[in-house]
Amino acid sequence: MQGVGPGDSRVCVLCGLTDDCTEKYGEKRTYVEYNLTVHYYCLLMSSGIWQRGEEDEGVDGFLITDIRKEVNRAARLKCNICKKKGASIGCVAPKCKRSYHFPCGLQRECIFQFMEDFRSYCWEHRPVQEFTDKEPRGASQCTICLDLVEHLPLYTVLKSPCCKNAWFHRECLQYQALSAGIFFFRCTVCNNKDKFQKEMLRMGIHIPERDASWELEENAYQDLLHCYQHCDVKRCLCRKGRDYNEPDSKWEIKRCQYCGSRGTHLACSSMRSWEENWECMECRSIFATSGKYSKQKKRALATSEKTNGTTCLLEEPSPKSPRQSSGSPRNFLLHGGSKPRNEVSNILKELKVQVKTKPTRLNINAENIWSSALKGFRQRIFSPTNTIEVSFSNSKNRSKTSTSAASKHHFFQLLMLHLQNSSLFEGSSGKNLSLDFQALEENLYFEAGKMIAVSLIHGGPSPGFFSKTLFKCLVYGPENVKPALEDVADDDVAQTIKKIKYANSLSSLQSTLQDCCEFLAAAGCLRPVTALCDKNMLVNDILICHVIKKVTLPLESFRQGLKTLGVLEKMQMHPDAFSSIFCHKPERLSAKTLCDLFTIHSSSDVNKVEGAGFWTGYLHDVESGESVVTLEDILLFVTGSCYIPAIGFDPEPTVKFLHIRYPIGNRLLNCLELPITETYQQFKNKMEFTIRNTLGVEGE
């Protein structure tokens, strides 16, 4: 589609205005080929239209044919405010028949809720915030604009649900929400996000589902790349000036190691090329005053000294230290705290920094993985920041235990498999949370979330079985998610919803609703239906009830568990990256995957090319089934894990070709040591014999 830029004088087909005010009415969009102009908010809030298409179809999922039908429907309705036709928005309060245009509703102080099914309320039925007698009267500063705001139950005034003394102008909050987006919009006083956003959405504040505007701005952090480059010594010796900087020469500018806001050419301070520790006079005086400056490291020159016949008025060189990087802009940006990369493994590695070397041992009964894991996670000494060691035991023979890395990998694999098939989740492939009152009472949803978070950080597998709806509920909040029919696990419920969704006439729809009136009443969705298009909102309400609202408490408990070690916060910051491991199973191992995973190291006296050829050839034979071992067996032999963890391996797997008789899998270093053989068949025979026998003994 082809849009028209700002300044277009075309009128919105829904409200009839030419105004182009993104903050008030949303983005104004014109599609020339369809002769259509519409404000985005007018479209979102219209009562008789729904997003039936994909995000890239029509106008963000609103099909062009549906928009034209909505325009025709609204053309018969008169606005209760301006008295003109085309009022596409109606108050959702029972028995209220008021209709209005979106801009008119704003002027009359109606409330529009940009969540769930995008409800609107007229000025008489709009939600209000509760004011108790204990509320302080008078006025205080708006914590955003710092102007006075009166403590009155007015449309223009909002109070924080989480802080007693936080008051805002509605307009200030709306501008902040548009700027911050769903990931950064929170209470300006206590920094609460979930409770604050929920209340503001209820009161009609629009929070866009995108990153903050300052994060989306191109080159927003460009200033961080600029390094100070100026020679500040009393007498600069460089003929090309104080701003001249030539890296890796005597005219390279070195910055003060403490403040970074003063500099010197190497030659101007008699510094050698490998010296790094230079302080400016201001920082040196501060350290000298505080008593922390060491005179043994450097001394100030009381009088001018000669260096190659030239006067220098700063300090003598520091003792020799290893040369680091030349202080390039890239290094400066990295040390200044660059944004984390989007790859999941790198994000998880950042979180793993919290893990200490102090061990916590879990005693796991292989025959009852869930109860023993639950007992281990609930013990007083357990901490997710401790290194986890797993001791497997069998109830029939408790003397046989193992605490190797393989045991930990195997434990997390069994645990994720148990969770996938447990009563906490429902569905076939993509699973949603189920409602289990006993599990809720025992706080098992929290424990499940905690276990998944710990598994990801400690080298276990990712879950891989979440539905997209469950993942979005965790990341964006349940109020911002629209479930689909495939999310309904109960076949009877799904069949009932299908009958309503695919009713092709008003009479058949009403007949279907009459047959299932008890079902609708139980879901809180029993209502009169006067038009066939009403079924869309009805179906959505039923889906929200059965997929989301019934598991509100389990979902919140599960989210709290996923906050362990900061996993949920990273999911919300990088949803695309994390959805790949939460909603999709990893691909089966392939020869190429293992070739890319293992880095080949070889000593100078080994024919690396020939050894690598045997190795890659053998992997392809295994993949094609021409071997008694599998690719999983090879990975298990080397690392103790038959899968590649979401966080990756530490250290990264390597292959070495050595003068040894048989292959060796060093699981401590994730290193596969391979023998040098004359023929490929010898290489293959030794690999199969060693791996098969080693894993066979471990299995016993």
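This is a short walk through one protein structure, from the whole chain down to a few single residues.

Okay, hi everyone. Before anything else, keep in mind that what you're looking at is a predicted model. Let's begin with the whole thing. The protein has 700 residues, and 45% of them count as buried. For secondary structure, we get 26 helices and 22 strands. Its exposed surface comes to about 37,300 Å², with carbon and sulfur atoms supplying 50% of that. And how do the contacts spread along the sequence? If you take contacts between residues at least 6 apart, 59% of those join residues at least 24 apart.

Now let's go to the helices. I'd start with α11, which covers residues 369-378. Seven of its 10 residues are buried, so the helix is mostly covered. The buried ones are Ile369, Trp370, Ser372, Ala373, Leu374, Gly376 and Phe377. What do they pack against? Two strands, β15 (356-365) and β16 (386-393), plus the helices α12 and α14.

Those two helices also meet each other, so let's stay with them for a moment. Helix α12 is residues 405-420 and helix α14 is residues 444-457, and their axes come within 11 Å. The crossing angle is roughly 145 degrees, and α12 passes α14 in a left-handed crossing. Who's actually touching? On the α12 side it's Phe412, Leu415, Met416 and Leu419. On the α14 side you have Ala448, Met451, Ile452, Val454 and Ser455. Sorted by class, this contact has eight nonpolar residues, one polar and no charged ones. As a bit of background, an α-helix has 3.6 residues a turn, so residues three or four places apart point the same way. Keep that in mind when you look at the numbering on each side.

Moving along the chain, we reach α15, residues 468-476. Is this helix enclosed or open? Largely enclosed by the rest of the structure, because seven of its nine residues are buried. Those are Thr469, Leu470, Phe471, Cys473, Leu474, Val475 and Tyr476. Just after the helix comes Gly477, with a positive phi of about 95 degrees.

After that, have a look at Ala494, in helix α16 (residues 491-501). Ala494 counts as buried because its relative accessibility is 9%, and the cut-off for that is under 20%. Setting aside residues up to four places away in sequence, Ala494 touches Leu485 and Val488. There's also a longer-range pairing to point out: Ala494 and His546 are 52 residues apart in sequence, yet 9.9 Å apart in space, C-alpha to C-alpha.

Okay, on to the loops, and a couple of serines. Ser46 is in the loop between α2 (40-45) and α3 (64-74). Is Ser46 buried or exposed? Buried, because its relative accessibility is 4%. Its side chain has a polar atom 2.7 Å from the backbone oxygen of Cys42, and it also makes a polar contact with the side chain of Ser88, at 3.0 Å. Beyond its neighbours within four places in sequence, Ser46 is in contact with Leu14, Glu70, Ser88 and Ile89.

The other serine is Ser249, in the loop between α7 (213-216) and β11 (253-255). Ser249 counts as buried too, since its relative accessibility is 18%. A polar atom of its side chain lies 2.7 Å from the backbone oxygen of Glu246.

Last stop: some backbone geometry. Which residues here have a positive phi without being glycine? One of them is Glu109, at about 65 degrees. Glu109 sits in the loop between α4 (102-107) and β5 (111-112), and it counts as partly exposed because its relative accessibility is 31%. Phe118 is another, with phi near 50 degrees. You'll find Phe118 in the loop between β5 and β6 (120-121), and at a relative accessible area of 18% it is buried.

And one cis peptide bond to finish with. It runs from Asp650 to Pro651, with omega near 0 degrees. Pro651 is in the loop between α25 (631-639) and β20 (654-658).

That's my tour. If you want a place to start on your own, try α11 and follow its buried residues out to α12 and α14. Thanks, happy to take questions.

Terms used:
Residues are numbered from 1 along each chain as its sequence is written. This is a predicted model: local features need pLDDT of at least 70, side-chain atom pairs count only at pLDDT 80 or more; totals for chains, interfaces and linings use all residues. Side-chain values use heavy atoms; hydrogens and water are left out. Axes are lines fitted to C-alpha atoms, for helices over the stretch in contact, and angles run from 0 to 180 degrees between N-to-C directions. Helices (H or I, at least four residues) and strands (E, at least two) are DSSP runs, numbered from the N terminus. A crossing is left-handed if the near helix is turned anticlockwise from the far one by less than a right angle, and right-handed if clockwise. Contact means heavy atoms within 4.5 Å. Ala, Val, Leu, Ile, Met, Phe, Trp, Tyr, Cys and Pro count as nonpolar, Asp, Glu, Lys and Arg as charged, and the others, Gly among them, as polar. Buried means under 20% relative accessible area, exposed over 50%, partly exposed in between (1.4 Å probe, protein chains only). A polar contact is a pair of N or O atoms within 3.5 Å; within protein, one must be able to donate a hydrogen and the other to accept it, and residues adjacent in sequence count only if both atoms are side-chain atoms. Accessible areas come from the Shrake-Rupley method with a 1.4 Å probe; for residues, only the protein chains shown count as cover.
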